[in-house]
Amino acid sequence: MPSFDSLFNAFVTILVTIDPPGLAPLFLAVTRGMNREERNQVSVRASIIAFLVMALFAIAGASILSVFGITLPAFRVAGGFLLFFIAFEMVFERRQDRKEKIGDVAITKDMIHNIAAFPLAIPLIAGPGAISATVLLSGSFPGFGAQAALVGIIAICLVITYLVFVLAERIDRVLGQTGRSILTRLLGVILAALAVQFVADGVKALMAA
């Protein structure tokens with residue numbers, strides 16, 4: 001089994017890339033006009049779909065990469081750069097604007113009945129950053145027990161995301177614009193540090209190969 005530090009690092013990485021607090025106002029936006037029961041159904045379905053997608057990449061991430069002839073160290077470097085770019089967007093509040101545009105597109109195309117799958121599950125929850133982070137982490141969790149632990153971490157992160165959706169109205173009122181801005185920037189700095197570590201580990205593995 002992985003160490004506590006590895007498990008905690010995986011938890012922080014996945015949770016930050018999903019960014020539940022940042023999704024709260026977007027969830028309210030794309031479910032505008034729904035009652036509480038309908039919003040709950042959407043949040044449950046979106047969380048389940050996102051879990052299935054991320055669990056697939058956690059279990060079969062290395063196999064998926066091998067089909068394309070991509071080594072894990074190479075993906076670790078590329079994924080680290082991608083996560084760093086996402087962290088940059090979080091620190092300078094560019095990621096939120098992009099997510100809001102995705103949400104607006106879904107509404108204008110009259111996809112209200114399918115928003116659990118798009119845009120909530122994909123690409124807002126299980127987006128490129130979260131999927132990349134999951135594949136990167138899967139390389140550090142070899143064996144059935146370790147992979148089961150990683151899937152469990154993903155499940156915990158998505159339960160948190162579901163709870164944020166359920167409490168979205170209250171969280172949005174408590175945090176406000178200033179609170180969301182501060183929290184997003186703080187999480188962005190943490191993700192940037194984790195991204196640099198991914199790149200460093202990938203480069204080290206490539207040079208040792």
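pLDDT is the predictor's confidence in each residue, from 0 to 100. You'll want that in hand, since this is a predicted model.

**Exercise 1. Work out how confident the prediction is along the chain.**

Step 1: Start with the whole protein chain. Its average pLDDT is 83, and 90% of the residues score at least 70.

Step 2: Now look for the extremes. Helix H8 (residues 144–166) has the highest confidence, with a mean of 95, while helix H5 (residues 95–108) has the lowest, at 52.

Step 3: Zoom in on the weak spot. Over residues 105–110 the pLDDT stays under 50, and the model has six contacts beyond four places in sequence for that stretch.

**Exercise 2. Describe the overall make-up of the fold.**

Step 1: Count the elements. The protein chain has nine helices and zero strands, so to speak an α-α-α-α-α-α-α-α-α pattern when read along the sequence.

Step 2: Check the burial. Of the 209 residues, 44% count as buried.

Step 3: Check how far the contacts reach. Take those between residues at least 6 apart in sequence: 87% of them join residues at least 24 apart.

**Exercise 3. Find out how helix H3 packs against H6.**

Step 1: Get the geometry. H3 (residues 36–67) and H6 (residues 116–125) pack at about 45°, and their axes are 9 Å apart.

Step 2: Name the arrangement. An angle of 35 to 65 degrees falls outside the parallel and perpendicular ranges, so H3 and H6 are oblique to each other. The crossing is right-handed.

Step 3: List who touches whom. H3 brings Val42, Arg45, Ala46, Ile49, Ala50 and Val53, and H6 brings Ala116, Ala117, Leu120, Ala121, Ile122 and Ile125. Sorted by class, that gives eleven nonpolar residues, one charged and no polar.

**Exercise 4. Do the same for H3 and H7.**

Step 1: H3 and H7 (residues 128–138) cross at roughly 60°, with axes that come within 8 Å.

Step 2: H3 and H7 are therefore oblique to each other, and their crossing is right-handed.

Step 3: On the H3 side the contact includes Val53, Met54, Phe57, Ala58, Gly61, Ala62 and Leu65; on the H7 side, Ala130, Ile131, Thr134, Val135 and Ser138. The classes here are nine nonpolar, three polar and no charged.

**Exercise 5. Place Lys204: is it buried or exposed?**

Step 1: Locate Lys204 in helix H9 (residues 168–208).

Step 2: Its relative accessible area is 58%, and exposed means over 50%, so Lys204 is exposed.

Step 3: Look for a distant partner in sequence. Pro73 is 131 residues away from Lys204, yet their C-alpha atoms are 8.4 Å apart in space.

How values were computed. Residues numbered from 1 in each chain as written. Predicted model: local features only at pLDDT ≥ 70, side-chain atom pairs only at ≥ 80, totals over all residues. Heavy atoms only, no water. Axes fitted to C-alpha atoms, helices over the stretch in contact; angles between N-to-C directions. Helix = DSSP H or I, 4+ residues; strand = E, 2+ residues; numbered from the N terminus. Parallel < 35°, antiparallel > 145°, perpendicular 65-115°, else oblique. Left-handed = near helix turned anticlockwise from the far one by under 90°. Contact = heavy atoms within 4.5 Å. Nonpolar A, V, L, I, M, F, W, Y, C, P; charged D, E, K, R; others polar. Buried < 20%, exposed > 50% of the residue type's maximum accessible area, 1.4 Å probe, protein only.
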